[in-house]
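Biologist: I am new to this structure. Please take a close look at the charged pairs, and then go on from there to the empty spaces and the backbone.

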Amino acid sequence: MSQKQKKIRGIICTLIGGTAWGFSGTCGQYIFANCQMNSGTLASIRMLGAGILLCIFNLIVRKKSMFELWKHPVDAFRLVLFALGGLMFTQYAYLTAIGYSNSGTATVLQNLGIILLMVITCIMERKLPLKNEVMAAILALAGVFLLATHGNPSELVMSRDALEWGLIAAVAMASYTLLPRGLLEKWGTLVVVGFAMLIGGIVLSCGFQIWKEPMDYSWNIIAALFVIVVIGTLAAFSLYLQGVSDIGPVKASMIGCVEPVVATILSTVWMGTTFAAIDLVGFVLIIGGVLLVSFKKETGRNQ
């Protein structure tokens with residue numbers, strides 16, 4: 001395959017993966033609107049379902065090497081830490097944010113995690129942020145301000161729970177990105193994520209005792225769950241990783257910004273969520289900040 005074909009494949013895979021994530025978030029909003037399922041139960045089902053399917057796939061593809069990770073105590077500890085403090089934290093915070101707001105708002109707020117990663121990187125490397133990074137942070141903060149207050153600092157138009165969980169989801173996204181460094185390269189993404197999904201799903205299931213929840217869901221709820229587990233988790237993750245492999249993580253993260261756009265459009269068209277014009281301005285500012293950080297990284301790498 002030529003470099004041009006590989007680049008085209010990477011762009012298409014990343015676009016489809018980001019779109020699937022956005023669709024998945026709106027399916028979560030649909031479930032919350034049409035049944036009594038809470039975010040803990042939904043996150044448990046999502047993680048358990050994806051974890052079981054990934055582990056079965058790993059057993060088929062790499063049966064001999066799949067369990068090697070557990071023979072290394074330090075890596076095993078890091079895996080459990082990633083499962084609970086990274087993946088489980090991210091899934092629960094994001095779905096809870098959707099429950100208190102909508103998929104578009106929750107997804108946009110979660111993407112603030114990229115700005116937070118930039119700040120953490122500057123602190124860890126003991127360097128001042130670049131001008132583009134400062135501008136990105138200003139744009140992101142301005143976007144959050146407009147979303148939360150509509151420009152009036154004395155009035156909070158977004159519910160406090162929605163804002164808090166959206167910001168927690170951003171912290172979770174940063175944690176999810178930082179914790180598995182080294183593990184993915186050493187043991188393989190599918191093995192690490194498969195075990196992490198399974199561990200996080202089991203812990204969440206026990207914590208929320210989902211076996212006590214009524215499971216007599218209608219076909220439309222089951223269909224939405226299928227989309228979240230298979231399309232919005234397994235397919236989206238695999239496609240996005242293929243995109244990262246083909247075009248690199250920076251370009252992939254920039255194209256991945258299609259996720260909040262898709263989530264916002266679907267939330268409006270499908271779920272009937274109404275956004276004020278100033279909300280959309282806030283979305284654009286936050287996404288613009290995220291793109292600015294990613295673009296700066298790409299420019300620096302090329303130089």
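**From charged pairs to pockets**

Modeller: K71 is exposed, because its relative accessible area of 60% is over the 50% cut-off. The model is predicted, and that applies to everything that follows. The partner of K71 is E68, and the two form a salt bridge in which the closest N and O atoms are 3.0 Å apart. E68 has a relative accessibility of 28% and is therefore partly exposed. This pair thus joins an exposed lysine to a partly exposed glutamate.

The structure holds four salt bridges, and three of them can be described here, the K71 pair being one. In another, the side chains of K186 and D75 come together with 2.8 Å between N and O. K186 sits in helix 8, which covers residues 183-187, while D75 sits in helix 3, which covers residues 73-100. The two are 111 residues apart, and the pair links distant parts of the chain. D75 is buried, because its relative accessible area of 8% is under the 20% cut-off.

The next pair is E125 and K127, with 3.3 Å between the closest N and O atoms of the salt bridge. E125 has a relative accessible area of 49%, so it counts as partly exposed. K127 is partly exposed as well, at 39%.

Between these two charged residues comes R126, in the loop that joins helix 5 to helix 6, the latter being residues 131-149. R126 is exposed, with a relative accessible area of 80%. Its backbone deserves a remark: phi is near 50 degrees, a positive value in a residue that is not glycine. Most residues other than glycine have a negative phi. H150 is a further case, with a positive phi of about 55 degrees although it is not a glycine either. H150 belongs to the loop between helix 6 and helix 7. Its relative accessibility is 31%, so H150 is partly exposed.

A buried residue, T41, gives a view of how parts of the chain meet. T41 lies in helix 2, residues 39-61. At 1% relative accessibility it is buried, because that value is under 20%. Which residues touch T41, once its neighbours within four places in sequence are set aside? They are I210, E213 and Y217.

Now to the empty spaces. Rolling a probe the size of a water molecule over the atoms shows where empty space is left. The largest pocket has a volume of about 1,600 Å³. Its lining is made up of 45 residues, and those nearest its centre are L117, M173, Y176, T177 and Y240. Several helices take part, each giving two or more residues to the lining: helix 3, helix 5 (112-124), helix 7 (160-178), helix 8, helix 9 (189-208), helix 10 (219-247), helix 11 (249-255) and helix 13 (277-302). Helix 3 and helix 8, named in this list, are also the two helices that hold D75 and K186. By residue kind, the lining of the largest pocket has 24 nonpolar, 12 polar and nine charged residues.

The second largest pocket has a volume of about 160 Å³. It is lined by 14 residues, and N102, T105, L147, M158 and D279 are the closest to its centre. Here the lining divides into six nonpolar residues, seven polar and one charged.

There is one cavity of 30 Å³ or more by the counting rule used. The largest cavity has a volume of about 40 Å³. What lines the largest cavity? Its lining consists of L54, V193, M197, T233, L234, F237 and S238. Helix 9 and helix 10 are the elements that give two or more residues to this lining. Helix 10 gives the most, with four residues. Five residues of the cavity lining are nonpolar and two are polar, and none is charged. Helix 9 and helix 10 also appear among the elements that line the largest pocket.

Notes:
Residues numbered from 1 in each chain as written. Predicted model: local features only at pLDDT ≥ 70, side-chain atom pairs only at ≥ 80, totals over all residues. Heavy atoms only, no water. Buried < 20%, exposed > 50% of the residue type's maximum accessible area, 1.4 Å probe, protein only. Contact = heavy atoms within 4.5 Å. 1 Å grid on protein atoms, 1.4 Å probe; cavity = no way out; pocket = protein on both sides within 12 Å on 5 of 7 lines; lining within 4 Å. Points joined across faces, edges and corners; volume = space filled by probe spheres on them. Nonpolar A, V, L, I, M, F, W, Y, C, P; charged D, E, K, R; others polar.
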